[in-house]
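Colleague: Could you take one part of this model and go through it closely for me? I would like to see how that part fits into the rest of the chain.

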Amino acid sequence: MATTTATTRSRFREYFHTEYQPGERKLVQKIDFFILTFCCLSYFTNYLDRSNLNNAYVSGMKEDLGFVGDQLNEINTCFTVGYVIGQIPANLSLHYIKPRYFFPACMVVWAGLTMVTASVHRPQSIMAIRFFQGIVEATTFVGTHYILGSWYTERELGKRSGIFTASGLAGTMIGGFIQTGIHSSLDGRNGLHGWRWLFIIDGIITLPVALYGFIFFPDTPSTTSAFYLSESERALAVSRVPPMEDRSPISWTFVKKTFTSSLFWGFVVLWIIAGETESFSTNALLSLYMKSHPTIKYSVSQLNNYPTGVPAVGILSTLFWATLTDFLSGKRYLVGYFIAITGIATSAMIIAASKDPTNPTSTSVVFGAYYWAGAVYACQATFFAWANDALRYEEHMFRAVVLAGMNLGSNAVNAWWSIVLYGASMAPWFIRGMWAMIAVAIVLAIWTAVLSYTTAKHEKIRKAELEQSHGTSVHKSVIDDV
């Protein structure tokens with residue numbers, strides 16, 4: 001017992017008092033400031049843009065544009081198709097175009113498209129705009145995870161991934177409050193309804209962030225020319241990550257290696273499954289439930305404000321699990337089991353509530369279930385950090401393609417998944433989707449177990465190879481000395 005307590009205390013000390021080599025702490029503080037500020041602000045505006053469609057929908061856009069059936073889901077599908085098309089090309093572009101140019105350029109384009117949305121007069125126009133927005137927004141999430149994996153060590157990565165993911169959830173949460181404020185202060189100003197002002201303001205907010213990235217973003221350790229990093233700091237940044245050959249990914253050998261890799265398919269399938277456990281939140285089911293409530297008519301402010309509790313829970317869950325899995329030496333797979341339990345439990349709660357829809361207790365149970373379901377957002381940071389950890393000793397572009405493949409696979413499935421199982425016309429109960437969530441949660445638990453075994457085995461092999469290589473070099477050095 002005493003030994004266990006002492007070990008735990010030792011791990012706490014090690015976690016909160018990391019030993020750095022000379023100059024390393026200052027370097028980490030610099031990249032924390034310049035990389036995380038831009039990436040978090042970028043992802044914040046990215047999710048602000050994505051969530052504004054749902055906020056606008058419940059704030060008058062549905063009636064103004066004459067939405068019918070599942071057209072809201074069809075718009076989201078158009079975005080998803082563009083997002084899928086842009087995934088791998090966007091991440092491969094980082095090999096040829098400096099991130100400090102590529103990321104801000106994409107932001108300027110999506111800011112323009114967001115503002116153009118304010119002028120539309122029918123849902124079909126939004127479908128076309130969102131398709132192109134999906135293409136230019138494709139690099140934000142996986143591109144940033146690639147950059148984080150290029151700069152941070154394994155012991156640092158989880159927390160940074162968690163902070164980054166939480167910033168996107170903050171965009172979703174704050175978007176509801178922004179729409180409430182706009183509706184109360186700008187609705188009708190210059191002949192524009194409040195939901196149109198939402199798109200204009202969201203686009204304007206994005207532009208200064210893009211300018212900030214163009215000036216301050218440091219690219220990758222091997223290509224950075226950031227004025228705030230000295231030559232010694234640049235060399236230190238390169239030395240902190242494993243040296244890998246940075247060759248062009250456009251080759252048959254690279255393609256063959258990618259599509260025959262068990263790790264590629266392991267992580268792609270993991271995120272296909274895990275991505276669908278976020279369906280309650282990403283499809284704004286709480287908002288749609290409130291909009292179609294069997295007995296209560298909610299105000300515009302309530303429709304925008306009450307659902308903000310979902311991303312709020314997501315932020316807390318993300319930061320908790322990212323920090324905990326860092327402390328537990330990268331046991332990211334634990335999140336998979338937590339999410340499986342959450343998916344099964346919350347679905348069962350909503351199915352039970354649907355049996356007595358007019359009972360006030362039913363409403364409380366549904367709200368509680370959707371708020372709890374927000375906790376599954378934790379899988380974003382931890383699973384992408386898991387992939388970065390497992391691929392740390394692989395080629396940089398292979399790691400980039402795996403990360404892009406994860407998001408591509410998930411969104412390719414989500415393009416039709418949301419329409420079939422969570423269409424707006426299925427509100428307020430989405431019973432078909434509830435049973436699908438239970439099935440997905442069970443599969444996630446099984447796949448997590450399989451992948452954790454696979455990655456542990458891969459790590460042992462890679463460590464043995466590195467130790468053998470190190471031992472050979474030491475042995476050669478001894479012979480040379482003799």
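Modeller: What follows starts with the whole chain, turns to its nonpolar cores, and then looks at single residues.

The model is predicted. The protein chain has 20 helices and zero strands. Along its principal axes, the C-alpha trace spans about 85 × 50 × 45 Å. The radius of gyration is 23 Å, and this agrees with the value near 23 Å that a compact globule of 482 residues would have. Of those 482 residues, 56% count as buried. If we take the contacts in the chain with a separation of 6 or more, 82% of them are between residues 24 or more positions apart. The accessible surface comes to about 20200 Å², and 66% of that area belongs to carbon and sulfur atoms. The chain carries 35 positive and 31 negative charges, and the mean positions of the two sets are 2 Å apart.

Now the interior. The largest nonpolar core has 121 residues. Met61, Phe267, Phe280, Tyr370, Phe383 and Met406 are the residues with the most contacts inside this core. Helix H2, residues 24-65, gives the core its largest share, 15 residues. There is also a second, separate core of seven residues, including Phe44, Leu48, Leu169 and Ile315.

Methionine 61 deserves a closer look. Apart from neighbours within four places in sequence, methionine 61 is in contact with Leu53, Ala56, Gly66, Phe67, Ile126, Trp195 and Phe199.

Next, take glutamate 74, whose place is in helix H3, residues 71-93. Is glutamate 74 buried, exposed or partly exposed? Its relative accessible area is 34%, so glutamate 74 is partly exposed, since buried means under 20% and exposed means over 50%. Leaving out residues up to four places away in sequence, glutamate 74 touches Met127 and Ile419. Alanine 210 is 136 residues from glutamate 74 along the chain, and the C-alpha atoms of the two are separated by 29 Å.

Serine 125 can be read in the same manner. This residue lies in helix H5, which covers residues 123-136. The relative accessibility of serine 125 is 23%, and because this falls between the limits of 20% and 50%, serine 125 counts as partly exposed. Serine 125 and isoleucine 75 are 50 residues apart in sequence, while their C-alpha atoms are 9.4 Å apart in space.

How values were computed: Residues numbered from 1 in each chain as written. Predicted model: local features only at pLDDT ≥ 70, side-chain atom pairs only at ≥ 80, totals over all residues. Heavy atoms only, no water. Helix = DSSP H or I, 4+ residues; strand = E, 2+ residues; numbered from the N terminus. Rg over C-alpha atoms; globule rule 2.2 N^0.38 Å. Buried < 20%, exposed > 50% of the residue type's maximum accessible area, 1.4 Å probe, protein only. Contact = heavy atoms within 4.5 Å. Areas by Shrake-Rupley, 256 points an atom, 1.4 Å probe, with all protein chains shown as cover. Lys, Arg positive; Asp, Glu negative; His and termini not counted. Charge placed at Lys NZ, Arg CZ, Asp CG, Glu CD. Core = buried A, V, L, I, M, F, W, Y, C linked by side-chain atoms within 4.5 Å.
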